[in-house]
Amino acid sequence: MRRVARGKLHPTVYLNRTGASPQTTTSNRHRPFCSKRTILKGYADIQRRAMATAAGPSAEQLATLTGGTTVTFIDRLLSVVEEEIVPLSQEGVRKGNKLFGGAVLRKSDLSTVSASTNTETGNPLFHGEITAICDFYDMPRDERPPAKDTIFLTTHEPCPLCLSAIAWGDWDNFFYLFTYEDTKDAFSIPHDLRMHEEIFRVKNGEYNHENHYWNAWGIKALIRGLGDGEHHASRLKFEERLEKLHVTYDEMSDVYQQSKGKGAEIPLS
């Protein structure tokens, strides 16, 4: 693994093609937020939104990215969040940044090109996705693949700014872990849903997940879609990992909320 320190604005980890990554541990401290009830409520929100946006990407479109091995694909996405993005975000929130992060993976073998986290204390536009895009394009051209040959992974459903940035960056896909409802209700950051409605008249964040620029998938919805058949055991294991990630991000949210008003210049905190 090769770590590149690029100053305070862009803490980034570049990884080799083996996907080697730093390790991290998550707390076993349980809170009401990460209960089974919360997970089920999140699934209900996902189902409601899925029904409202029925014309989303098809199973065939997903299969072209996963090679038909959805379980392996989900496992890799969760591992990138757990082992590569979380350590960066934990460091970032201690400096007053929000807890959002992103990563870029090669479609060919799902190895990590770069992993990044929010750096809004340096510039309020440096959301997790924006930092990830900047870090990706800051790499020498001969060391990075074309954007369309990569997977864009983000820990939280992108805000309107980042939805556009992903399109401008030439990605044809993205996958997100936490939904807008999680960001608003669990992490006390309501601006994504509010901007959709106030500026674009999009109710409940129901943007088009399949459009001319990209297709978008929620990782929680993919896990839920595994159902109770042959992949039932994998679904249960993924749900356990989700609960642990909920705990980890709940702890990061506490750190961030406590830092508000203590010097960081973030207009929409």
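Strand S6 (residues 173-178) is largely enclosed by the rest of the structure, because six of its six residues are buried. The description below refers to a predicted model.

**Strand S6 and its partners**

S6 pairs with a strand on either hand of this account, S5 and S7. Strand S5 (residues 150-156) runs parallel to S6 and is joined to S6 by three bridges. One residue pair in this ladder is Thr-154 of S5 with Tyr-176 of S6. The connection from S5 to S6 passes through helix H5 (residues 160-168), and the three elements form a β-α-β unit of right-handed sense.Strand S7 (residues 215-218) is also parallel to S6, with four bridges between S6 and S7. Here Phe-175 has Trp-217 of S7 as its bridge partner.

**The hairpin of S3 and S4**

Strand S4 (residues 112-117) is likewise mostly covered, with six of six residues buried. S4 pairs with strand S3 (residues 101-106); the two run antiparallel and share five bridges. Ala-103 has Ala-115 in S4 as its bridge partner. Five residues lie between the strands of this hairpin.

Leu-110 lies in that loop between S3 and S4. Its phi is positive, about 65 degrees, although Leu-110 is not a glycine. With a relative accessible area of 13%, Leu-110 falls under the 20% limit and is therefore buried.

The strand pairings described above are set out here.

| Strands | Direction | Bridges | A bridge pair |
|---|---|---|---|
| S5 and S6 | parallel | three bridges | Thr-154 and Tyr-176 |
| S6 and S7 | parallel | four bridges | Phe-175 and Trp-217 |
| S3 and S4 | antiparallel | five bridges | Ala-103 and Ala-115 |

**Helix H2**

Which residues of helix H2 (residues 59-66) are buried? They are Leu-62, Leu-65 and Thr-66. These residues are on the same side of H2, because they cover an arc of only 90 degrees around the axis. Glu-60 and Thr-64, on the other side of H2, are exposed.

The buried residues of H2 pack against two helices, H3 (70-94) and H8 (219-224), and against the strands S5, S6 and S7. After H2 comes Gly-67, which has a positive phi near 65 degrees.

**Nonpolar cores**

In soluble globular proteins, nonpolar side chains tend to be buried together. In this model the largest nonpolar core has 35 residues, and Leu-78, Phe-175, Ile-219 and Tyr-249 have the most contacts inside it. At least two residues of this core come from each of H2, H3, S3, S5, S6, H8 and helix H9 (232-259). H3 makes the largest contribution, ten residues.

A second core, separate from this one, has 23 residues, among them Val-113, Ala-132, Ile-133 and Ile-166.

Ile-219 illustrates the packing in the largest core. Apart from neighbours within four places in sequence, Ile-219 is in contact with Ile-74, Leu-77, Leu-78, Leu-153, Phe-175, Tyr-176 and Leu-177. Two of the residues named earlier for their bridges recur in this list: Phe-175 and Tyr-176 are both in contact with Ile-219.

**Individual residues**

Glu-181 is part of helix H6 (residues 180-186). Is Glu-181 buried or exposed? It counts as buried, because its relative accessibility of 8% is under 20%. Between Glu-181 and Glu-157 there are 9.3 Å in space, C-alpha to C-alpha, and the two are 24 residues apart in sequence.

Asn-204 is located in the loop between helix H7 (191-200) and S7. Like Leu-110, Asn-204 is a residue other than glycine with a positive phi; for Asn-204 the value is near 60 degrees. Asn-204 has a relative accessible area of 42% and is therefore partly exposed, since this value lies between 20% and 50%.

**The protein as a whole**

The protein contains nine helices and seven strands. Of its 269 residues, 53% count as buried. The exposed area is about 12700 Å², and carbon and sulfur atoms supply 53% of that area. Among contacts between residues at least 6 apart in sequence, 70% join residues at least 24 apart.

Key. Residues numbered from 1 in each chain as written. Predicted model: local features only at pLDDT ≥ 70, side-chain atom pairs only at ≥ 80, totals over all residues. Heavy atoms only, no water. Buried < 20%, exposed > 50% of the residue type's maximum accessible area, 1.4 Å probe, protein only. Pairing = 2+ DSSP bridges. Right-handed = clockwise from strand over helix to strand, strands pointing away. Arc of directions from axis to C-beta. Contact = heavy atoms within 4.5 Å. Areas by Shrake-Rupley, 256 points an atom, 1.4 Å probe, with all protein chains shown as cover. Core = buried A, V, L, I, M, F, W, Y, C linked by side-chain atoms within 4.5 Å.
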